[in-house]
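Student: I have a chain open and want to work through its core and its charged pairs. Can we take them in turn?

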Amino acid sequence: MNQIVLTGMVLSTAPVGEYDRRVVILTKEQGKIAAFAKGSRRPNSPLAGAVNPFTFGKFTMYEGRSSYTIQSADISNYFQELREDLIGAYYGFYFLEFTNYYTKEFNDERDMLKLLYQTLRALANEHIPDRLIRYIFELKAYCINGEGPEVFQCVVCGDKERPAVFSTKKGGLVCSECAGDVIDGVSLEQSTLYSMQYIESSKVEKLYTFKVTDEVLEQLAYVLDHYREVYVEKRFKSLEILEALL
């Protein structure tokens with residue numbers, strides 16, 4: 001068996017047998033992987049606190065023929081503050097579940113890992129509204145995975161000048177000349193459109209640097225909630241719990 005060191009974040013864990021865990025980690029080097037943490041459910045195990053959701057660091061593991069086994073972990077961030085805030089924790093669990101759904105094994109997921117890490121850091125910042133963090137994360141994640149809406153020009157003809165509405169079913173802006181068959185068009189506030197353009201075009205490190213008015217936040221919520229309903233086939237349990245708590 002080969003020994004390797006992978007950098008990543010734990011997305012989920014599940015008990016296996018009496019003392020072990022199966023851990024899903026999003027890694028910089030190999031995308032999403034599943035690994036076994038043997039004995040990690042024992043109270044005195046050095047892995048007991050290292051293979052919980054949100055932990056980020058370097059994981060030393062053996063690569064077997066069909067699975068990985070974690071030997072040790074050097075954790076650089078536990079995101080402990082999220083564990084002490086019920087609402088913050090469920091926002092975090094939703095981001096983990098969303099990421100788990102969108103990422104794949106042996107795929108280049110460095111951008112998603114960076115987005116997830118920066119999003120959890122923003123979630124720990126009490127000066128940024130959690131709802132805004134959620135919609136920034138969702139929109140950027142769609143873009144990273146090639147499913148983001150067109151917010152710079154008409155999705156039909158490419159026009160950038162004519163007045164346009166946002167159509168979820170069309171996948172973005174539709175200009176006045178092309179909107180004849182649009183039945184779900186929404187006129188976006190200029191600030192809402194600018195916010196969406198900024199999110200889609202900015203580097204991950206620059207995402208969580210602005211705030212919006214309540215009106216813009218409500219419009220982002222409307223647009224992105226409908227976008228998720230149309231384009232995401234999964235129902236996220238963590239999101240259902242979160243919405244029940246709010």
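**Core and charged pairs**

Student: Which residues is tyrosine 208 in contact with, leaving aside its neighbours within four places in sequence?
Tutor: The model is predicted. Contact here requires heavy atoms within 4.5 Å. Outside its neighbours within four places in sequence, tyrosine 208 is in contact with Leu115, Gln118, Thr119, Ala122, Ile128, Ile133, Ile136 and Phe137.

Student: Which residues touch the most other members of the largest nonpolar core?
Tutor: This core holds 53 residues. Tyrosine 208 belongs to the group asked for. The full group is Phe95, Leu120 and Tyr208.

Student: Which helix gives the most to this core?
Tutor: Several elements supply at least two residues each, including strand E1 (2–16), strand E2 (20–27) and helix H2 (86–102). Helix H4 (130–144) is also one of these suppliers. With eight residues, the top contributor is H4.

Student: How many residues are in the other core, apart from the largest one?
Tutor: Its members include Ile33, Ala37, Val51 and Ile75. The number of residues in this separate core is 16.

Student: Now the charges. How many salt bridges does a search of the whole structure find?
Tutor: Side chains of opposite charge can pair when their charged atoms come close. The cut-off for a salt bridge is N to O within 4 Å. Over the whole structure, the search finds eleven.

Student: How far apart are the closest N and O atoms of aspartate 108 and arginine 110?
Tutor: Aspartate 108 is partly exposed, at 48% relative accessible area. Arginine 110 is partly exposed too, at 47%. The two form a salt bridge, and the closest N and O atoms are apart by 2.7 Å.

Student: How many residues apart are glutamate 218 and arginine 131?
Tutor: Their side chains meet in a salt bridge at 2.8 Å, N to O. Glutamate 218 sits in helix H6 and arginine 131 in helix H4. The pair links distant parts of the chain, and the separation in residues is 87.

Student: Is arginine 134 buried or exposed?
Tutor: Its side chain meets that of glutamate 243 in a salt bridge, 3.8 Å from N to O. Glutamate 243 is partly exposed, at 40%. Buried means under 20% relative accessible area. Arginine 134 has 5%, so it counts as buried.

Student: Which residues are linked with Arg134 in a network of salt bridges?
Tutor: Start from the pair of arginine 134 in helix H4 and glutamate 243 in helix H7, 109 residues apart. The network goes beyond this pair. The residues linked with Arg134 are Glu138, Asp225, Arg228 and Glu243.

Methods:
Residues numbered from 1 in each chain as written. Predicted model: local features only at pLDDT ≥ 70, side-chain atom pairs only at ≥ 80, totals over all residues. Heavy atoms only, no water. Core = buried A, V, L, I, M, F, W, Y, C linked by side-chain atoms within 4.5 Å. Buried < 20%, exposed > 50% of the residue type's maximum accessible area, 1.4 Å probe, protein only. Helix = DSSP H or I, 4+ residues; strand = E, 2+ residues; numbered from the N terminus.
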